[in-house]
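Please find below a note on the model, arranged as numbered points. The overall fold is treated before the annotated positions and a few individual residues.

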Amino acid sequence: MPVREILQLGHPVLRQIAQPIPDPTAPAVASLVTDLADTVGHWRETTGYGRAIAAPQIGELQRVILLRLPGQPVWPLINPSIIDHSPEKMVVWDACLSFLSIFMQVERYEWITVRYQDLLGQWHETQAGAKDDLAELLQHEIDHLDGILSIDRMVDVKSLCSREEFERQHRADSPYGR
């Protein structure tokens with residue numbers, strides 16, 4: 001399927017709430033998942049960034065996110081929701097394909113439990129923690145489904161920095177890097 005354009009900061013669709021998928025087995029959902037996988041894969045290949053993507057980022061107001069983690073199979077989550085989370089929070093660096101030139105520190109829960117459907121419509125739950133930065137990644141993508149961007153969760157405007165400066169200071173430690 002085609003690589004889709006990623007909507008950029010300021011596009012009104014990024015601030016809208018995505019609608020639930022009534023039938024995860026529908027061919028249109030499989031097609032959307034393929035487009036998401038191809039799009040995030042293209043960005044990863046061309047920029048070195050991109051571990052996940054949400055459907056609103058390609059203009060589709062549907063509750064679908066896709067993770068494409070290095071060395072792992074593509075993982076679509078349909079109708080995901082956070083059903084539990086740690087009382088503790090952590091501060092992490094965040095970036096987004098919808099504004100890749102900007103990095104900032106955000107506050108996220110240390111662990112979360114996510115309930116979601118697969119492409120067969122089966123319900124699953126997964127617990128995500130700090131390992132592979134999965135908790136923060138899932139929170140970031142699920143936020144997209146609710147029209148929330150990482151800049152809305154920035155802990156301090158003084159943490160805002162350009163991608164170039166972030167890479168200069170943090171590249172070796174970053175989960176975003178190549």
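1. A residue is called buried here when its relative accessible area is under 20%, exposed when it is over 50%, and partly exposed in between, with a 1.4 Å probe and protein chains only. By this criterion, 47% of the 178 residues of the chain count as buried. The model is a predicted one, in which local features need pLDDT of at least 70 and side-chain atom pairs count only at pLDDT 80 or more, while totals for chains, interfaces and linings use all residues. Residues are numbered from 1 along each chain as its sequence is written, and side-chain values use heavy atoms, with hydrogens and water left out.

2. Secondary structure. The chain contains 3 helices and 8 strands, in the order α-β-β-β-β-β-β-β-α-β-α along the sequence. These elements are DSSP runs numbered from the N terminus, with helices (H or I) of at least four residues and strands (E) of at least two.

3. Overall dimensions. With a radius of gyration of 15 Å, close to the 16 Å that the globule rule gives for 178 residues, the chain is as compact as a globular protein of that length. The radius is taken over C-alpha atoms, and the rule is 2.2 Å times the number of residues to the power 0.38. The C-alpha trace spans about 45 × 40 × 35 Å along its principal axes.

4. Contacts and surface. A contact means heavy atoms within 4.5 Å. Among contacts in the chain with a separation of 6 or more, 69% are made by residues 24 or more positions apart. The chain exposes about 8,700 Å², of which carbon and sulfur atoms supply 51%; accessible areas come from the Shrake-Rupley method with a 1.4 Å probe, and for residues only the protein chains shown count as cover.

5. Charge. There are 16 positive and 25 negative side chains, and the centres of the two sets lie 3 Å apart. Lys and Arg count as positive and Asp and Glu as negative, without His or the chain ends; each charge is placed at NZ of Lys, CZ of Arg, CG of Asp or CD of Glu.

6. Annotated binding site. Which residues does UniProt place under "binding site"? The unreviewed entry gives Cys96, His140 and His144. Although these residues are spread over 49 residues of sequence, they cluster in space, with a largest C-alpha distance of 10.2 Å. UniProt positions are in the numbering used here, feature names are shortened, and annotations may be inferred rather than shown by experiment.

7. Cys96 and His140. Cys96 lies in the loop between β4 (89-94) and β5 (102-109) and is buried, at 3% relative accessibility. Leaving aside neighbours within four places in sequence, Cys96 is in contact with Gln57, His140, His144 and Ser150. His140 belongs to helix α2 (residues 134-145) and is also buried, with a relative accessible area of 5%. With the same neighbours within four places left aside, the contacts of His140 are Asp94, Ala95, Cys96, Arg108 and Ser150.

8. Asp94. This residue is in strand β4 and counts as buried at 1% relative accessibility. The C-alpha atoms of Asp94 and Glu136 are 8.5 Å apart, although 42 residues separate the two along the chain.

9. Annotated active site. UniProt, again in an unreviewed entry, places "active site" at Glu141. Glu141 is in helix α2 and is buried, with a relative accessible area of 3%. Beyond its neighbours within four places in sequence, Glu141 is in contact with Ala52, Ile53, Ala54, Gln57 and Ile65.

10. Asn79. A point for inspection is the backbone of Asn79, whose phi is near 55 degrees, a positive value in a residue other than glycine. Asn79 is in strand β3 (residues 75-85) and is buried at 10% relative accessibility.

11. Thr126. Strand β7 (residues 123-128) contains Thr126, which is buried with a relative accessible area of 18%. Thr126 and Thr113 lie 13 residues apart in sequence and 5.6 Å apart in space, C-alpha to C-alpha.

12. Ile17. Is Ile17, in the segment before α1 (27-47), buried or exposed? Ile17 is exposed, with a relative accessible area of 53%. Leaving aside neighbours within four places in sequence, Ile17 is in contact with Leu61, Arg63, Leu145 and Asp146. The C-alpha atoms of Ile17 and Asp143 are 9.4 Å apart, with their positions 126 residues apart in sequence.
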